[in-house]
Amino acid sequence: MATIFFDMDGTIADLYGVADWLNYLINEDTTPYVVAKPLVNLSILARYINKARAKGYNIGIISWTSKGGSVDYNSAVFDAKCAWLGKHLPSVVWDSVNIVDYGTPKQNFAKSTDDILFDDEDKNRDNWTGKAYDVKNIIEILKNL
């Protein structure tokens with residue numbers, strides 16, 4: 001069965017809305033990943049993710065660590081992102097959580113042309129081998145699966 005993948009930063013988590021987010025990242029401080037507010041209503045998102053799972057879809061995350069981050073910092077970013085998911089989407093069972101080095105081609109994770117990616121970055125959507133959507137209508141698209 002197909003997998004529905006979600007990017008995090010700029011897609012479901014408002015990393016870029018955290019004041020001074022770039023300076024935090026440059027200084028290898030995970031604060032923005034911890035305090036980022038949701039970009040969608042997460043209780044509704046969780047409901048539709050769980051309905052998609054019930055229809056047979058696998059559910060995954062593909063998100064990048066910080067550009068130029070050290071090995072230790074990237075490990076801390078992985079932990080912070082997993083904690084964010086656990087806090088904000090506790091009812092979702094993730095089949096895969098891929099927090100990978102910045103710039104890793106996300107299409108490497110697609111196993112089928114039926115796989116779906118929600119991502120705010122044009123390049124990631126353009127290179128995706130399945131169906132790729134921006135962040136505008138996540139709930140509507142999931143509702144219609």
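What separates Lys143 and Glu140 in helix H6? The two residues are 3 positions apart in that helix, which spans residues 138-143, so about one helical turn lies between them. Their side chains meet in a salt bridge, with an N to O distance of 3.2 Å. Lys143 is partly exposed, at a relative accessible area of 39%. Glu140 is also partly exposed, at 40%. These values, like those below, come from a predicted model.

The salt bridge in H6 belongs to a wider set. A search of the whole structure returns 7 salt bridges. Side chains of opposite charge can pair when their charged atoms come close. Asp7 and Lys106 form one such bridge, at 2.9 Å from N to O. Asp7 lies in the loop between S1 and helix H1 (21-26), and Lys106 lies in the loop between S3 and strand S4 (116-118); the pair therefore ties together parts that are 99 residues apart in sequence. Asp7 and Lys106 are both buried. The contacts extend to a further acid: Asp7, Lys106 and Asp119 are linked in a network of salt bridges. Lys106 also has an aromatic contact. Its charged end sits over the ring of Trp64, 4.9 Å from the ring centre.

Another salt bridge joins Lys136 and Asp134. The closest N and O atoms of this pair are 3.4 Å apart. Lys136 has a relative accessibility of 66% and therefore counts as exposed. Asp134 reaches 25%, so it counts as partly exposed.

Aromatic contacts were examined next. The structure holds 6 aromatic pairs. Phe5 and Trp128 form one of them, with 5.7 Å from centre to centre and 75° between the planes. This geometry is edge-to-face. Phe5 lies in strand S1 (residues 3-6), while Trp128 lies in the loop between helix H5 (122-127) and strand S5 (131-133); the pair thus ties together parts that are 123 residues apart in sequence. Both Phe5 and Trp128 are buried.

Phe6 and Trp94 make a further pair. Their ring centres are 6.5 Å apart and their planes stand at 85°, so this pair too is edge-to-face. The contact links distant parts of the chain. Phe6 is in strand S1, and Trp94 is in the loop between H4 and strand S3 (96-100), 88 residues apart. Phe6 and Trp94 are buried. Both rings also take part in a larger grouping: Phe6, Trp94, Phe118 and Tyr133 form one aromatic cluster.

Empty space was then mapped. Rolling a probe the size of a water molecule over the atoms shows where empty space is left. The largest pocket has a volume of about 360 Å³. Its lining comprises 24 residues. Of these, Leu25, Thr65, Ser66, Lys67 and Tyr102 lie nearest the pocket centre. H1 and strand S2 (58-64) each supply at least two lining residues. H1 gives the largest share, 4 residues. By class, the pocket lining divides into 9 nonpolar, 6 polar and 9 charged residues.

Enclosed space is limited to 1 cavity of 30 Å³ or more. The largest cavity has a volume of about 40 Å³. Met8, Asp9, Ala13, Leu15, Pro32, Tyr33, Ala36, Lys81 and Trp84 line this cavity. Helix H2 (31-35) and helix H4 (71-88) each contribute at least two residues to the lining. The class count for the cavity is 7 nonpolar, no polar and 2 charged residues.

Backbone angles complete the description. Most residues other than glycine have a negative phi, and most peptide bonds are trans. Asp20 has a positive phi, near 65°. This residue is found in the loop between S1 and H1. Glu28 likewise has a positive phi, of about 55°, although it is not a glycine. Glu28 sits in the loop between H1 and H2. With a relative accessible area of 34%, Glu28 is partly exposed.

Methods:
Residues numbered from 1 in each chain as written. Predicted model: local features only at pLDDT ≥ 70, side-chain atom pairs only at ≥ 80, totals over all residues. Heavy atoms only, no water. 1 Å grid on protein atoms, 1.4 Å probe; cavity = no way out; pocket = protein on both sides within 12 Å on 5 of 7 lines; lining within 4 Å. Points joined across faces, edges and corners; volume = space filled by probe spheres on them. Nonpolar A, V, L, I, M, F, W, Y, C, P; charged D, E, K, R; others polar. Phe/Tyr/Trp six-rings, centres within 6.5 Å; stacked < 30°, edge-to-face > 60°. Buried < 20%, exposed > 50% of the residue type's maximum accessible area, 1.4 Å probe, protein only. Lys NZ or Arg CZ within 6 Å of the ring centre and 35° of its normal. Salt bridge = Lys/Arg side-chain N within 4 Å of Asp/Glu carboxyl O.
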